[in-house]
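Colleague: Could you take me through one part of this model, the sheet, strand by strand? I would like the pairing, the turns and the side chains that bear on it in one connected account.

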Amino acid sequence: MNINYATAGRDLDRVIAGTTGDLRQQFEVQRSHVAQLAQTKSVVTGSVVSTALLWLHGSDHTARAVVAAAGTDSTGRAAASPRHYRWVLTLKYVGGRWLVSDAALEGVPS
């Protein structure tokens, strides 16, 4: 969740390392646009407040979890504003690790 314009390439590489499938491809495309983050001086920070497992399918090695997160986002033009998010994540067990294969933001950040 933490992406800073000054370290955006490294930050997105970290996110990409934890994803798979179409979601990974989407972040790889975003990785090619990191220069735009520097123009806006965009900084997004956050931390997980709570998580819950919604379901687990052992036969196909998938799971779904809900994650509540809190953080801030800002640009060089504005002060950081608080945000609260609820994500629904689909996870896939790949190579001994649980990777995010889909992420959906539920509701509008407050």
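**The sheet and its surroundings**

Modeller: Five strands form an open sheet in the order β1-β2-β3-β4-β5, and their pairing is antiparallel. At the edges are β1 (3-4) and β5 (97-106), each of which pairs on one side only. The model is predicted. The mean pLDDT of the chain is 91, with 96% of its residues at 70 or more. Confidence is highest in β2, at a mean of 95, and lowest in α3, at 84.

I will start with β2 and what leads into it. The loop between α3 (34-40) and β2 contains K41. K41 is not a glycine, yet its phi is positive, at about 55°. As background, most residues other than glycine have a negative phi. With a relative accessible area of 41%, K41 is partly exposed.

Strand β2 covers residues 43-57 and runs antiparallel to β3, residues 62-75, with 13 bridges between them. One of the bridge pairs puts V43 with S74 in β3. As a general point, strands of a sheet pair through backbone hydrogen bonds.

The hairpin of β2 and β3 has 4 residues between the strands. H61 lies in that loop between β2 and β3. Its phi is positive, near 55°, and H61 is also a residue other than glycine. H61 is partly exposed, with a relative accessible area of 42%.

Next comes T62, which is in strand β3. Its relative accessibility is 10%, under the 20% limit, so T62 counts as buried. The side chain of T62 makes a polar contact of 2.8 Å with the side chain of D60. Leaving aside residues up to four places away in sequence, T62 touches W55, L56 and H57, and also L91, K92 and W98. For placing these, β2 is residues 43-57, β4 is residues 78-94, and β5 is residues 97-106.

From β3 the chain goes on to β4 through a hairpin of 2 residues. Strands β3 and β4 run antiparallel and are joined by 13 bridges. Within this pairing, V66 has V88 in β4 as its bridge partner.

A side-chain link also spans these two strands. D73 forms a salt bridge with R83, the closest N and O atoms being 3.2 Å apart. D73 is in strand β3 and R83 in strand β4, 10 residues apart, and the pair links distant parts of the chain. Both residues are partly exposed: D73 has a relative accessible area of 21%, and R83 has 26%. The value for D73 stands just on the partly exposed side of the 20% cut-off, so D73 is not counted as buried.

The last pairing to describe is that of β4 with β5. These strands are antiparallel and share 9 bridges. V88 appears again here, standing opposite A104 in β5. V88 thus has a partner in each direction: V66 is paired with V88 in the bridges of β3 and β4, and A104 faces V88 from β5.

For context, the D73–R83 pair belongs to a structure that holds 5 salt bridges. Two others lie in the helices before the sheet's longer run of strands. Among them, R14 pairs with D11, their closest N and O atoms being 3.7 Å apart. R14 and D11 both lie in helix α1 (residues 8-17), 3 residues apart, about one turn of the helix. R14 is partly exposed at a relative accessible area of 45%, whereas D11 is buried at 7%.

R31 forms a salt bridge with D13, with the closest N and O atoms 2.8 Å apart. R31 lies in helix α2 (residues 21-31) and D13 in helix α1, so this pair ties together parts that are 18 residues apart in sequence. R31 is partly exposed at 29% relative accessibility, and D13 is partly exposed with a relative accessible area of 38%.

How values were computed
Residues are numbered from 1 along each chain as its sequence is written. This is a predicted model: local features need pLDDT of at least 70, side-chain atom pairs count only at pLDDT 80 or more; totals for chains, interfaces and linings use all residues. Side-chain values use heavy atoms; hydrogens and water are left out. Two strands pair if DSSP finds at least two bridges between them. Buried means under 20% relative accessible area, exposed over 50%, partly exposed in between (1.4 Å probe, protein chains only). pLDDT is the predictor's confidence in each residue, from 0 to 100. A polar contact is a pair of N or O atoms within 3.5 Å; within protein, one must be able to donate a hydrogen and the other to accept it, and residues adjacent in sequence count only if both atoms are side-chain atoms. Contact means heavy atoms within 4.5 Å. A salt bridge is a side-chain nitrogen of Lys or Arg within 4 Å of a carboxyl oxygen of Asp or Glu.
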